[in-house]
Amino acid sequence: MKKIQTVILLCLLLASLCACESRQLNQQDPQPVVGESVESVQPEEPEETQPSIPENAPAFYQTMQEVQGKQVFELSTAQDLFDLSDWVAQGNETENMVFVLQNDIDLENEPFTPIGTIDHPFRGTFLGQGYAVSDLNVTEERCNEAAGLFGSIGGKAFLEGVNISGTVTACQKAGGLVGFVEGADTESNVPADIVIRHCSFSGTVYGIVSEIGGLIGASTPGNVSISGCTADADVYGQELLGGFIGCLGDQTIVENCISLGTVIADSRETL
C-alpha cells in the first residue's frame, strides 16, 4: 500500500511541476501601467475529486486510486482474483485499469474461472511484482472458451511479473498464464499492442484438442511481445502443442524465454 501511495504521490508531484514549468514558459504576466492599481488575485484551489465506485463493485474497488488517467487497484487476497474474474466476465471494461498484486496468493485448488473470456477479453495492466499465484485449478469445459489464469487478453493488455503454479484443463486454447492472446480485433481488424514479460508458469496443462501451451495456448496475428518468460510445464493434447506456446501468430515476437517440462500428444477424450 505504501509503495503504491509513494508512486502515486511522485507521479502527481511530477505532473504538478511540469504544469508549473509549462505555465512559466508560455505565459508572461502583463506589466502594470504606472499609477494603475494592481489587485492581488488569489489562485483558485483545485477541487478534490473522489473516484466514483460503480454500484455492486467488487471489494478491490475500495483500493482504487487514479494516476495519470488510469485507475489503479490493489489485489491481495484469493477473493480479489475471483472477483476480478467475475467482473471481467460480466462485460466490464478493463482498459486503462491497472491491477497490482500486493503479496503471494494461494488459490488452494479451488475451481477458478479464467480472467477474461473470448467475448470479454482482459485489456488492462496486471503487475505481479514477482509475487506468486499458487494452486491454480482451472477446468474449462466449454470448447469455445480459453483457459489459463487469464482466459483471453486483447487490446493493449500488459502482463508483467506474474508467477503461477497449478493445473489448467480445457478443450482447446489452454495455457498456464493465458489461453488466448487476441492479436487483433476480429471486427475492426485493429492491431493490438500486447506485452507479456517476466512471467512464469509451473505445473500441468491438459488439452483435449489443440492450441495447448505451457505458458500460452494460442495467439492470433498482431503486435504481441513476449519476453523473459519461463514455462516449466507438462503439456498434453492432440495437435498444435508447445512447451511454451501452442500456436504462434504472425507478428508475435518471443525473446529470451525458456521452455522446460515435456510435451505429450495423446487422445484425452474427457475432462
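1. Two strands are taken to pair if DSSP finds at least two bridges between them. With that in mind, and bearing in mind that this is a predicted model, Gln-65 stands opposite Val-72 in strand 2. The strands concerned are strand 1 (residues 65–67) and strand 2 (residues 70–75), which are joined in the antiparallel sense over three bridges.

2. The connection between these strands deserves a look in the viewer, since strand 1 and strand 2 form a hairpin with two residues between them. Within that turn, Gln-68 has a positive phi of about 50 degrees.

3. Strand 2 also has a parallel partner, strand 3 (residues 97–101), and five bridges are found between strand 2 and strand 3. In this pairing, Phe-73 of the model stands opposite Phe-99 in strand 3. To get from strand 2 to strand 3, the chain passes through helix 2 (residues 78–89), and the resulting β-α-β crossover is right-handed.

4. Elsewhere, the model holds an open sheet of three strands, whose order is 10-14-18 and whose pairing is parallel. The edges of this sheet are strand 10 (174–175) and strand 18 (239–242), each of which pairs on one side only.

5. Which strand is joined to strand 14 (residues 210–213) by three bridges? The partner is strand 18, and strand 14 and strand 18 run parallel. One position to inspect here is Gly-213, which stands opposite Gly-242 in strand 18.

Terms used: Residues numbered from 1 in each chain as written. Predicted model: local features only at pLDDT ≥ 70, side-chain atom pairs only at ≥ 80, totals over all residues. Heavy atoms only, no water. Helix = DSSP H or I, 4+ residues; strand = E, 2+ residues; numbered from the N terminus. Right-handed = clockwise from strand over helix to strand, strands pointing away.
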